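Hi there,

Here is the structure I promised to pass on. Have a look at it first, and my notes on what turned up follow below.

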Amino acid sequence: MADFQIVVADPDDGSTHQFEVDGQDANRFIGRSIGETVDGSAVGLDGYELELTGGSDVSGRPMRGDVKGPGTKAVLLTGGTGYKPTVDGERKRVTVRGAEISDETRQINAKIVARGSDSIESLLGGDDGDAE
């Protein structure tokens, strides 16, 4: 069974909240892809809706939305997620993880796209998430 660290960004005020998710709540994320939305109750944000924006696997490889499936793949990149060129026109073959969340995923990045009636602070109670 998988366990994830979920990093939820709040685009309105720029804050982030980190959550550890395991067990049945972690299964809600398996098979989902970057760009999909999930219910925020999996991380304690009842009434909120989260959009998956990225993540990384156990080896630290980033997930890319343009690579299909949950596996790793060596792709030739000119920039973007997973590679930052230092010279114009530079390319490099980089191993990245696909857009689908699997048991190999360890961190999932998400952002809030729909808000519930309660504020985040009242739902978290101060100790459940780490604001940064």
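**Leu45 and the cores**

A good place to begin is Leu45: setting aside neighbours within four places in sequence, its contacts are Val8, Phe19, Gly40, Leu50, Ile120, Leu123 and Leu124. Before you go further, please keep in mind that this is a predicted model.

Leu45 belongs to the largest nonpolar core, which has 22 residues. Leu45 is also one of the residues with the most contacts inside that core, a group that includes Phe4, Ile6, Phe19, Phe29 and Leu50 as well. Several elements feed into this core, with at least two residues each from strand 1 (3-9), strand 2 (16-22), strand 4 (49-57), strand 7 (105-114) and helix 2 (120-124).

Apart from this core lies another one, made of six residues, among them Val75, Leu77, Tyr83 and Val94. Val75 sits in strand 5 (residues 72-77). With a relative accessible area of 16%, Val75 is under the 20% limit and so counts as buried. Beyond the residues up to four places away in sequence, Val75 touches Val67, Lys92, Arg93, Val94 and Val96. For Val75 and Val94, which are 19 residues apart along the chain, the C-alpha atoms are separated by 5.5 Å.

**The aromatic pair**

How many aromatic pairs does the structure hold? There is one, and it is formed by Phe4 and Phe29. Their arrangement is edge-to-face, with 6.3 Å from centre to centre and 80 degrees between the planes. Phe4 is in strand 1, whereas Phe29 is in the loop between helix 1 (24-27) and strand 3 (37-39), so the pair ties together parts that are 25 residues apart in sequence. Phe4 is buried, at a relative accessible area of 1%, and Phe29 is buried too, at 1% relative accessibility.

**Around Asp57**

If you click on one charged residue, I would suggest Asp57, which is placed in strand 4. Is Asp57 buried or exposed? Its relative accessibility is 3%, so Asp57 counts as buried.

The side chain of Asp57 has several polar partners. Here they are, one by one:

- The backbone nitrogen of Ser59 is reached by the Asp57 side chain at 3.1 Å.
- The backbone nitrogen of Gly60 is reached by the Asp57 side chain at 3.0 Å.
- The side chain of Arg97 makes a polar contact of 2.9 Å with that of Asp57.
- The side chain of Arg61 meets that of Asp57 in a salt bridge, at 3.3 Å from N to O.

Arg61 itself counts as partly exposed, with 29% relative accessibility, while its partner Asp57 is buried. Leaving out neighbours within four places in sequence, the residues in contact with Asp57 are Thr72, Arg97, Glu104, Thr105 and Arg106. Asn109 is 52 residues from Asp57 along the chain, and the C-alpha atoms of these two are separated by 12 Å.

**The salt bridges**

Side chains of opposite charge can pair when their charged atoms come close. The structure holds six salt bridges, and the one between Arg61 and Asp57 is described above.

Two others involve Arg115. In one, the side chains of Arg115 and Asp10 meet at 2.2 Å, N to O. Arg115 lies in the loop between strand 7 and helix 2, and Asp10 in the loop between strand 1 and strand 2, so this pair ties together parts that are 105 residues apart in sequence. Asp10 is buried, with a relative accessible area of 5%, whereas Arg115 counts as partly exposed at 38% relative accessibility.

In the other, Asp12 forms a salt bridge with Arg115, and their closest N and O atoms are 3.0 Å apart. This pair also links distant parts of the chain: Asp12 is in the loop between strand 1 and strand 2, and is 103 residues away from Arg115 in the loop between strand 7 and helix 2. Asp12 is exposed, at a relative accessible area of 64%. Through shared partners, the salt bridges join Asp10, Asp12 and Arg115 into one network.

Happy browsing, and do write back with any questions!

Best wishes

Definitions and conventions. Residues are numbered from 1 along each chain as its sequence is written. This is a predicted model: local features need pLDDT of at least 70, side-chain atom pairs count only at pLDDT 80 or more; totals for chains, interfaces and linings use all residues. Side-chain values use heavy atoms; hydrogens and water are left out. A nonpolar core is a set of buried Ala, Val, Leu, Ile, Met, Phe, Trp, Tyr and Cys residues joined through side-chain atoms within 4.5 Å. Buried means under 20% relative accessible area, exposed over 50%, partly exposed in between (1.4 Å probe, protein chains only). Helices (H or I, at least four residues) and strands (E, at least two) are DSSP runs, numbered from the N terminus. Contact means heavy atoms within 4.5 Å. Rings of Phe, Tyr and Trp (its six-membered ring) pair if their centres lie within 6.5 Å; planes under 30 degrees apart count as stacked, over 60 as edge-to-face and the rest as tilted. A polar contact is a pair of N or O atoms within 3.5 Å; within protein, one must be able to donate a hydrogen and the other to accept it, and residues adjacent in sequence count only if both atoms are side-chain atoms. A salt bridge is a side-chain nitrogen of Lys or Arg within 4 Å of a carboxyl oxygen of Asp or Glu.
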